Amino acid sequence: SSITGEDYYGAYDAQDIARENAERLGVMPVPSLNLVYTEEEGYVTDTEAKEKGLGIKKLSGTKFRQMLRGGEDIPEWFAFKSVVKVLRENN
């Protein structure tokens with residue numbers, strides 16, 4: 001997603017493309033669900049969050065990198081503290 005939180009493409013577009021081209025590419029895609037984090041219920045599927053009207057928390061890759069470089073706290077729903085530590089040590 002962009003820094004404003006808008007998605008560039010659909011949640012399952014890459015999976016659809018992989019499935020459509022699996023034979024030609026010689027791969028077998030493994031589908032996965034689009035999980036999101038909500039304040040109300042933690043991690044749920046995107047579909048469930050929308051059906052229940054839950055508030056979806058988002059953090060773009062661009063914003064994450066800015067926060068990482070700036071030494072800001074990264075929300076634990078986005079990245080494990082141990083991962084953030086390694087990224088900061090090797091950045």
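Author: Before we start, two strands count as paired if DSSP finds at least two bridges between them. Helices (H or I, at least four residues) and strands (E, at least two) are DSSP runs, numbered from the N terminus. This is a predicted model, where local features need pLDDT of at least 70, side-chain atom pairs count only at pLDDT 80 or more, and totals for chains, interfaces and linings use all residues. Residues are numbered from 1 along each chain as its sequence is written, and side-chain values use heavy atoms, with hydrogens and water left out.

Reader: OK, in what order do the elements of the chain run from the N terminus on?
Author: There are five helices and three strands to place. Starting at the N terminus, the order is α-α-β-β-α-β-α-α.

Reader: And is the chain compact or spread out?
Author: The elements run α-α-β-β-α-β-α-α. For 91 residues the globule rule gives 12 Å, and the radius of gyration is 16 Å, well over that, so the chain is more spread out than a compact globule. Here the radius is taken over C-alpha atoms, and the rule is 2.2 Å times the number of residues to the power 0.38. Verdict: spread out.

Reader: What share of the 91 residues is buried?
Author: Buried means under 20% relative accessible area, exposed over 50%, and partly exposed in between (1.4 Å probe, protein chains only). By that cut-off, the buried share of the chain is 20%.

Reader: Among contacts between residues at least 6 apart in sequence, how many join residues at least 24 apart?
Author: A contact here means heavy atoms within 4.5 Å. Of the contacts between residues at least 6 apart, the part that joins residues at least 24 apart is 16%.

Reader: On to the sheet: in which order do the three strands lie?
Author: S1 and S2 pair in the antiparallel sense over four bridges, and two bridges join S1 to S3, also antiparallel. Together the three strands form an open sheet in the order S2-S1-S3.

Reader: Which strands stand at the edges?
Author: The open sheet runs S2-S1-S3. An edge strand here has a single partner strand, so one side of it is left without a neighbour in the sheet. Those strands are S2 (42–45) and S3 (56–57).

Reader: How many residues join S1 to S2 in the hairpin?
Author: Thr38 of S1 stands opposite Gly42 in S2, and Leu35 has Thr45 as its bridge partner in S2. The hairpin between the two strands goes through three residues.

Reader: What are the bridge partners of Tyr37?
Author: Tyr37 has a partner in each of the other strands. In S2 the partner is Tyr43. In S3 the partner is Lys57.

Reader: Which side chains along S1 are buried?
Author: In a regular strand the side chains alternate between the two faces of the sheet. S1 shows that pattern, with Leu35 and Tyr37 pointing to one face and not buried. Pointing to the other face, and buried, are Val36 and Thr38.

Reader: Now Asp46: is it buried or exposed?
Author: Asp46 lies in helix H3 (residues 46–52). Leaving aside neighbours within four places in sequence, Asp46 is in contact with Asn34, Val36 and Ile56. With a relative accessible area of 14%, Asp46 counts as buried.

Reader: And Met28, buried or exposed?
Author: Met28 sits in the loop between helix H2 (22–25) and strand S1 (35–38). Its relative accessibility is 74%, so Met28 is exposed.

Reader: Which residues is Pro75 in contact with, leaving aside neighbours within four places in sequence?
Author: Pro75 is in the loop between helix H4 (61–70) and helix H5 (81–89). It is partly exposed, at 23% relative accessible area. Its contacts beyond those neighbours are Leu59 and Met67.

Reader: Phe78 next: which residues is it in contact with beyond its neighbours within four places in sequence?
Author: Phe78 is also in the loop between H4 and H5. At 31% relative accessibility, Phe78 counts as partly exposed. Its contacts are Tyr43, Leu59 and Phe64.

Reader: Last one: how far apart are the C-alpha atoms of Phe78 and Thr47?
Author: Along the chain, Phe78 and Thr47 are 31 residues apart. In space, their C-alpha atoms are separated by 19 Å.
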